[in-house]
Amino acid sequence: MGSDGWKSDSFAKTPKSSAYTDPVERTPMPRSTASARVTLAQVAEEAGVSLSTISKVLNGRPDVSAATRSRVEALLAEHGYLRRKSNLSSTGLIELVFHELEAAWSMEIIRGVEDVATAHGLSVVLTESGSRHAPAADWVEGVLRRRPAGVVLVFSDLPAGYREALRARAIPFVIIDPAGDPSPEVPSVGSANWSGGLMATRHLIELGHTRIAAITGPDDMMCSHARIDGYRSAMNSAGLAIDPEWIRFGDFHTSGGYEHGRSLLTGSERPTAIFAGSDLQALGVLEAVRELDLRVPEDLSLVGYDDIPLAKWVSPRLTTVRQPLRRMAEEATRLVIRMGEAPLESVPRMDLATNLVVRESTAPLG
């Protein structure tokens, strides 16, 4: 047992010239059935490194150069090596990865993961990757050293090399609301973003609004586009014109909602309603409304997205699309635990239903 509490691989001597036995299970990859029978000693020879270096890579040790680690990882993946499955309760850890921690939104995710993890005797560690697109390389090295029972990533993506490294260590992973369009082999849990955008916009149309603007998240995030696509579908179905200037991509934060809201409300033709892609953006729009001496819902109807706890405490209380954040986190954690216990027959992709919560920030067009 090393100082970090994790058991290292061991190599048993044999009386034959092969010198070592293979301590990991092997699953054949498409390359060939013969290559799947290659020993770790042969992998070391093919990579041009020592067997101890192979062991360091398998254990996520930091004292291996990036180039060597990459070469060894590629060969291990190519030959289909998988670490033996561990009992989940013995590893004791679920790693939850955010690209940034935003208290109002993240807490619902954290609570959902913790509820399921605790029920299975597991603890949760939080990691902030700092990148919306994918965790940095040093995170991958760190998670290989920590060897959690599983990894749950939020608003992220995993390059193929990272996925292969995790699978080679039999560390299951699931992405909540992937940042991009994930590969078919990536397990994910999301929500019905398109339906959410559709029902939010339909609600405003049913109230008599025709000049409806939309503010959403980053242009490179799948959920941002799905919500806008739902908005477009509702507008098109109602025969309403869409002004390109009324569709804004930004971020999901209050500051972005404020900036885009103020811009929209001071334009040459002011919209009578705004669909915001997050409740935080909607709160930013509310601040812009106050600064401009306007009123919600008398001068502007406003719909948010997420239904964070704060949505029902602001004034006026916010009409919003309820995204089941906590349940998404629970389902992702259950899934990663199941994947750690036994291989699944297919890669799960789950989208949970959204629903509209009508409060006081929307009203019929006066």
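These legends walk through several close-up views of a predicted model.

**View 1. The whole chain, before we zoom in.** Start with the overall inventory: the chain holds 12 helices and 14 strands. It has 366 residues, and 52% of them count as buried. Now take the contacts between residues with a separation of 6 or more: 72% of those link residues that sit 24 or more positions apart.

**View 2. Helix α2 crosses helix α3.** Here you see α2 (residues 51-58) and α3 (residues 66-79), whose axes come within 10 Å and cross at roughly 85°. That angle makes α2 roughly perpendicular to α3. On the α2 side, look for Thr53, Ile54, Val57 and Leu58; they meet Thr68, Arg69, Val72, Glu73 and Leu76 of α3. Sort the residues of this contact by type and you get five nonpolar, two polar and two charged.

**View 3. A sheet of six strands.** Read across this open sheet and the order is β9-β8-β10-β11-β12-β14, with mixed pairing. The edges belong to β9 (247-249) and β14 (355-357); each has a single partner strand, so one side of each has no neighbour in the sheet. On average, neighbouring strands are turned by 15° against each other if you ignore direction. As a reminder, strands of a sheet pair through backbone hydrogen bonds, and they can do this in a parallel or antiparallel way.

**View 4. Strands β8 and β10, with helix α9 lying across.** Zoom in on β8 (residues 212-216) and β10 (residues 273-276), which pair in the parallel sense over four bridges. To find your place, spot isoleucine 212, which stands opposite alanine 273 in β10. Then bring in helix α9 (residues 222-237): this helix lies across β8, β9, β10 and β11 (301-306), and runs at about 170° to β8.

**View 5. Inside the largest nonpolar core.** Which residues touch the most other members of this core? They are Ile94 and Ile109, out of 50 residues. Helix α12 (residues 325-341) gives the core its largest share, eight residues. Leaving out residues up to four places away in sequence, isoleucine 109 touches Leu96, Phe98, Val154, Ile176, Leu325 and Ala329. Another core lies apart from this one; it has 15 residues, including Leu144, Leu153, Leu158 and Leu166.

**View 6. Helices α6 and α7, and what follows each.** In α6 (residues 137-146), the buried residues include Trp139, Val140, Gly142, Val143 and Leu144. What do the buried residues of α6 pack against? The list is α3, β3 (93-98), β4 (123-128), β5 (150-154) and α7 (160-168). Over in α7, the buried residues are Tyr162, Arg163, Ala165, Leu166 and Ala168. Check the backbone after each helix, too: arginine 147, just after α6, takes a positive phi of about 50°, and alanine 170, which follows α7, has a positive phi near 55°.

**View 7. Proline 324 in its loop.** This proline is found in the loop between β12 (319-322) and α12. Is proline 324 buried or exposed? Buried counts as under 20% relative accessible area, and proline 324 comes in at 18%, so the residue is buried. Its contacts, leaving aside neighbours within four places in sequence, are Ser191, Leu352, Ala353 and Thr354. Now look back at isoleucine 109 from View 5: proline 324 and isoleucine 109 are 215 residues apart in sequence, yet their C-alpha atoms are 9.5 Å apart in space.

Notes
Residues are numbered from 1 along each chain as its sequence is written. This is a predicted model: local features need pLDDT of at least 70, side-chain atom pairs count only at pLDDT 80 or more; totals for chains, interfaces and linings use all residues. Side-chain values use heavy atoms; hydrogens and water are left out. Axes are lines fitted to C-alpha atoms, for helices over the stretch in contact, and angles run from 0 to 180 degrees between N-to-C directions. Helices (H or I, at least four residues) and strands (E, at least two) are DSSP runs, numbered from the N terminus. Angles under 35 degrees count as roughly parallel, over 145 as roughly antiparallel, 65 to 115 as roughly perpendicular and the rest as oblique. Contact means heavy atoms within 4.5 Å. Ala, Val, Leu, Ile, Met, Phe, Trp, Tyr, Cys and Pro count as nonpolar, Asp, Glu, Lys and Arg as charged, and the others, Gly among them, as polar. Two strands pair if DSSP finds at least two bridges between them. A nonpolar core is a set of buried Ala, Val, Leu, Ile, Met, Phe, Trp, Tyr and Cys residues joined through side-chain atoms within 4.5 Å. Buried means under 20% relative accessible area, exposed over 50%, partly exposed in between (1.4 Å probe, protein chains only).
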